Amino acid sequence: MSRATGVGTGGSPSRPEPQSMTGMPAPRRADQQGLEMLRGERIKEILKQGGPREGVVLSGWVRSVRDSKQVAFVMVNDGSCMDSLQVVVDAALPTFGEVIKAGTGAAVRVTGNVVPSQGGGQQWEIKATAVEVIGSSDPSYPLQKKRHSFEYLRTIAHLRMRSNVFGAVFRVRNAAAYAIHRFFQERGFLWVHTPIITGSDCEGAGEMFQVTTFDLEKPPRTEDGKLDFSKDFFGKQTSLTVSGQLEGETFALAFGDIYTFGPTFRAENSNTPRHASEFWMIEPEMAFYDLGDNIRLATDFLKSMTSHVLEHCSGDIDFLDQWVEKGLRARLEQVVASPFAVLTYTEAVERLIASGEKFEYPVKWGIDLQTEHERYLTETLVKGPVFVIDYPKDIKAFYMKVNDDGRTVAAMDLLVPRIGEIIGGSQREHRLDVLLGRIRQLGLQEQDYWWYLDTRRYGTCPHAGFGLGFERAVMYLTGMTNIRDVIPYPRVPGTAEF
RNA sequence: UCCCGAGUAGCUCAACCGGCAGAGCGGGUGGCUGUUAACCACUAGGUUGGGGGUUCAAGUCCCUCCUCGGGAGCCA
């Protein structure tokens with residue numbers, strides 16, 4: 001820790017102290033000497049560069065220690081990549097005894113040389129010349145070298161990212177987020193930060209969390225005993241957003257191509273491996289787009305994100321392929337390489353009826369497709385991603401464009417194996433009279449949508465968009481089967497730990 | 001929210017028809033000349049998810065609550 005004390009006591013004596021006009025030493029510049037890097041190099045870069053090489057410094061956390069009388073092998077991982085680096089610690093080193101007792105999980109700083117490994121498990125290893133235990137780890141450290149259940153790891157969510165699987169998952173999550181921004185930014189899309197607190201009670205996508213500063217023991221009430229939201233923080237009833245789409249549409253009608261990418265909240269009591277109360281959603285919205293344009297963009301989008309992750313998280317994908325979903329890499333490569341199928345809802349219903357499968361929910365035109373039907377279409381019939389389009393209008397949202405047949409809307413759901421619906425979108429109803437008709441028909445209040453309807457009054461145009469649940473995408477990219485295991489600290493009904 | 005299933009040592013799991021609560025891993029101690037989920041020996045570790053009931057006797061049977069998993073619904 002010599003460097004740290006050096007900084008704390010004012011720097012190296014070999015460097016003249018700058019003087020300010022007050023006679024006090026001026027603050028040192030951040031790039032001046034004496035602020036040498038504590039951490040050293042990242043393991044990802046060390047492995048990429050290879051060896052042999054001398055004088056390498058690295059810092060990370062101990063994954064395992066195997067020691068004998070003469071030598072100890074310390075596996076160190078710094079989170080930069082899947083691989084840990086094997087550090088060979090000779091018993092002659094002064095800190096040998098401290099290192100082998102530091103414990104799994106301890107933070108260490110290693111100085112040494114990159115040398116070809118004598119053992120079979122790895123190409124390179126570090127022959128340590130010094131090992132410093134920065135922070136030892138209590139013997140109660142809950143992560144063992146052997147495999148843990150995901151259920152158990154969820155109870156130690158503050159440590160589980162130090163495990164192999166969760167290291168891979170969260171690196172993939174990061175890469176996917178970057179790939180999404182890159183995809184849209186390269187195409188000139190504007191990233192819009194739609195509000196998280198919303199005063200619209202008409203977003204129409206499920207139960208909402210209320211936002212209030214009321215004293216819940218004694219909230220203000222009106223004369224007839226109802227809650228008086230005019231006295232609440234915003235002067236009206238507010239909630240956490242369930243979708244940024246309606247606001248997104250207003251931006252699309254100014255900038256052409258926009259997308260949202262942010263948190264979304266649903267207060268539904270959903271207890272499944274695919275639902276969370278807090279998740280992230282991506283919602284692109286494009287002006288002068290029809291359903292065909294929308295399908296093409298969604299296809300390019302999913303392929304682009306997948307191929308970015310394959311390229312930048314190769315080691316992670318290989319690990320997940322081996323331990324989480326056999327054949328993951330091949331599946332993702334196939335998604336990138338193959339065209340996506342398109343079926344109209346009507347065709348899908350015909351295929352389901354003709355399949356001869358015994359479904360729990362019988363299929364007939366007009367019903368919403370159940371999970372079992374979607375799985376048959378994507379897993380058995382197409383064996384890959386498939387768009388289902390042109391759904392009956394009665395089972396879809398008010399804002400979707402009514403087709404010329406008068407009974408279907410220009411909706412699209414992208415179904416993928418294992419996950420089911422991963423993308424849902426539509427061309428929007430841009431004709432004011434038709435949209436108003438739909439709102440009234442569904443018993444919605446026209447005045448709640450006054451600003452949304454204005455977009456159809458002032459320069460309306462055909463436009464389209466879709467929504468993607470980010471965590472669903474991460475599940476699809478990692479092979480993980482529970483959404484709670486692709487979110488750092490998942491929020492689901494009954495659970496908000498950490 | 002509904003239907004199934006599960007909850008036993010820090011973790012993963014055994015324990016027959018109701019009859020003395022166990023193993024592997026992990027931890028501790030010691031050993032081992034290059035290990036790869038290292039190995040060998042010894043050792044500590046339990047209110048069997050909570051509460052109630054039946055019984056001479058309950059991890060085991062009954063009721064109830066909680067948590068987790070699978071399926072469904074809602075949905076992304």
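**Exercise 1.** How many of the 7 residues of strand S2 (residues 71-77) are buried?

*Solution.* Bear in mind that this is a predicted model. Step one is to go through residues 71-77, which make up S2. Step two is to apply the cut-off: buried means under 20% relative accessible area. The tally is 6 of the 7 residues, and the strand is mostly covered.

**Exercise 2.** Find the strands that pair with S2, and give a bridge partner on each side.

*Solution.* Begin with strand S1 (residues 53-67), which pairs with S2 in the antiparallel sense over 6 bridges. Here Val65 has Val74 of S2 as its bridge partner. Now look at the connection: 3 residues lie between S1 and S2, and the two strands form a hairpin. Then turn to strand S3 (residues 85-90), which runs antiparallel to S2 and is joined to it by 6 bridges. On this side, Val76 is found opposite Leu85 in S3.

**Exercise 3.** Is Ser239 buried or exposed, and which residues does it contact beyond its neighbours within four places in sequence?

*Solution.* First place the residue: Ser239 belongs to strand S9 (residues 238-240). Next, compare its accessibility with the cut-off; Ser239 counts as buried because its relative accessibility is 8%, and buried means under 20%. Finally, list the contacts of Ser239: Ile196, Ile197, Thr198, Met208, Phe209, Gln210 and Val211.

**Exercise 4.** Classify Asn174 as buried or exposed, then give its C-alpha to C-alpha distance from Gly425.

*Solution.* Asn174 sits in helix H5 (residues 164-186). Its relative accessible area is 54%, so Asn174 is exposed, the cut-off being over 50%. As for Gly425, it is 251 residues from Asn174 in sequence, and their C-alpha atoms are 24 Å apart in space.

Terms used
Residues are numbered from 1 along each chain as its sequence is written. Chains are lettered from A and ligands numbered from 1 in the order in which they are written. This is a predicted model: local features need pLDDT of at least 70, side-chain atom pairs count only at pLDDT 80 or more; totals for chains, interfaces and linings use all residues. Side-chain values use heavy atoms; hydrogens and water are left out. Helices (H or I, at least four residues) and strands (E, at least two) are DSSP runs, numbered from the N terminus. Buried means under 20% relative accessible area, exposed over 50%, partly exposed in between (1.4 Å probe, protein chains only). Contact means heavy atoms within 4.5 Å. Two strands pair if DSSP finds at least two bridges between them.
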